[in-house]
Each structure stands twice: as structure tokens, then as C-alpha cells.
Amino acid sequence: DLKVSREQVYAEHKTLAGLPRLQHTGRNLDPISLAVQIVPLTAVSTVGLRLRALAAVAESGDELPLVIGLKYYGLFVLKSYEITHRQLHHGVTLAAEAQLSLMEYH
């Protein structure tokens, strides 16, 4: 699931008589929320390894390009994430779902 939103910004100017006036001042940075399934790709690429890589990206604070399929969305940072462990076997996560909150980087 991919959710993209955009918000315009307006300054409000009071007038001596009548209603205030609005002035368009641009837009806010775009937030994106993304739900992803995390499963092992190979015997070496475990779900735990991929979850640790996700945590490392979040902790680094680095901006990274967001590309989904053939569409380039721009540079984004990973603001927060939530992990749901779907399948456990003797304490090892076999599959997980991650809800990612990204913010456009400018």
C-alpha cells in the first residue's frame, strides 16, 4: 500500500474591514506512508537481517532516493516505522510486515 499526500500552505493577512486575505506561500514537504511485506529472498537474506538493515537506514538519518517500479519519487528520509512479526518459529521471524513513514527531503 502506498499513500502520498500533498498540502498547500497559505498565509492569512488581516484587513481593517472585511474578511482576511489569503496568500499562497508554497507547499509543505510530502509525507508518504508505505506498507511492505518482508520475507527472506534467499537462505542468506533472513527477515532478521532485513529488519536490521531497515533499522540502520532509520538511525542513519540519510536521505535516500525512493523508486517504486519505474517511478522516481525523489529523495526521502525514513521518519518512523512499525514492524508486525507475522510468522515466528522458535523465536525467529519468518515473515513480517512493516509500515513505513517517509518524509520528502529538500
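1. Starting with the β5–β6 pair: these two strands run antiparallel and are joined by 5 bridges. Keep in mind that this is a predicted model. Within the pair, Leu-66 sits opposite Gly-74 of β6. The hairpin that connects β5 and β6 has 2 residues between the strands, and Gly-69 there adopts a positive phi near 65 degrees. If you are scanning backbone torsions, that glycine is one to look up.

2. Next along is β6 with β7. Here the antiparallel pairing runs over 12 bridges. For a register check, take Leu-78, whose bridge partner in β7 is Leu-102. The β6–β7 hairpin also has 2 residues between its strands, and this time His-90 carries the positive phi, near 55 degrees.

3. Now zoom out to the whole sheet. What is the strand order? Reading across, it goes β1-β4-β7-β6-β5, five strands in an open sheet with antiparallel pairing. The edges are β1 (2–4) and β5 (64–68), each of which pairs on one side only. Averaged over neighbouring strands, and ignoring direction, the turn between them is 30 degrees.

4. At the β1 end, the partner is β4, residues 31–38, and the two pair in the antiparallel sense over 3 bridges. Val-4 has Ile-32 of β4 as its bridge partner. As for the helix, α1 (residues 47–60) packs on this sheet, and its contacts take in β4, β5, β6 (71–89) and β7 (92–104). The direction of α1 makes about 140 degrees with that of β6.

5. Leu-51 is a handy residue for looking at the helix side, as it belongs to α1. Is Leu-51 buried or exposed? Its relative accessibility is 15%, below the 20% cut-off, so Leu-51 counts as buried. Beyond its sequence neighbours up to four places away, Leu-51 touches Ile-38, Ile-83 and His-85. Ile-38 falls within the β4 range of 31–38, while Ile-83 and His-85 fall within the β6 range of 71–89. Computed along the chain, Val-39 is 12 residues from Leu-51, and the C-alpha atoms of the two are 10.0 Å apart.

6. Then there is the largest pocket, with about 400 Å³ of space. It is lined by 17 residues, and those closest to the centre are Leu-54, Val-57, Leu-78, Leu-100 and Leu-102. Leu-78 and Leu-102 are the bridge partners from point 2. Which elements give two or more residues to the lining? They are β4, α1, β5, β6 and β7. By class, the lining has 14 nonpolar, 1 polar and 2 charged residues.

7. Ser-33 is worth a look for the middle of the sheet order, being part of strand β4. Setting aside residues up to four places away in sequence, Ser-33 touches Asp-1, Leu-2 and Lys-3, and also Gln-99 and Leu-100. That fits the order of the sheet, where β4 stands between β1 and β7. The C-alpha atoms of Ser-33 and Leu-102 are separated by 6.1 Å, though their positions lie 69 residues apart along the chain.

8. Away from those five strands, have a look at Ala-11 in β2, residues 8–13. With a relative accessibility of 23%, Ala-11 counts as partly exposed. Its contacts, leaving aside neighbours within four places in sequence, are Arg-21, Leu-22, Gln-23 and Thr-25. Those positions fall in the range of β3 (21–27). Thr-25 is 14 residues from Ala-11 in sequence, and the C-alpha atoms are 6.6 Å apart.

9. Last stop is Asn-28, in the loop between β3 and β4. How does Asn-28 count by accessibility? At 31% relative accessibility it is partly exposed. Not counting residues up to four places away in sequence, Asn-28 touches Glu-7 and Val-9. Gln-8 is 20 residues from Asn-28 in sequence, with 6.3 Å between the C-alpha atoms.

Definitions and conventions:
Residues numbered from 1 in each chain as written. Predicted model: local features only at pLDDT ≥ 70, side-chain atom pairs only at ≥ 80, totals over all residues. Heavy atoms only, no water. Pairing = 2+ DSSP bridges. Helix = DSSP H or I, 4+ residues; strand = E, 2+ residues; numbered from the N terminus. Axes fitted to C-alpha atoms, helices over the stretch in contact; angles between N-to-C directions. Contact = heavy atoms within 4.5 Å. 1 Å grid on protein atoms, 1.4 Å probe; cavity = no way out; pocket = protein on both sides within 12 Å on 5 of 7 lines; lining within 4 Å. Points joined across faces, edges and corners; volume = space filled by probe spheres on them. Nonpolar A, V, L, I, M, F, W, Y, C, P; charged D, E, K, R; others polar. Buried < 20%, exposed > 50% of the residue type's maximum accessible area, 1.4 Å probe, protein only.
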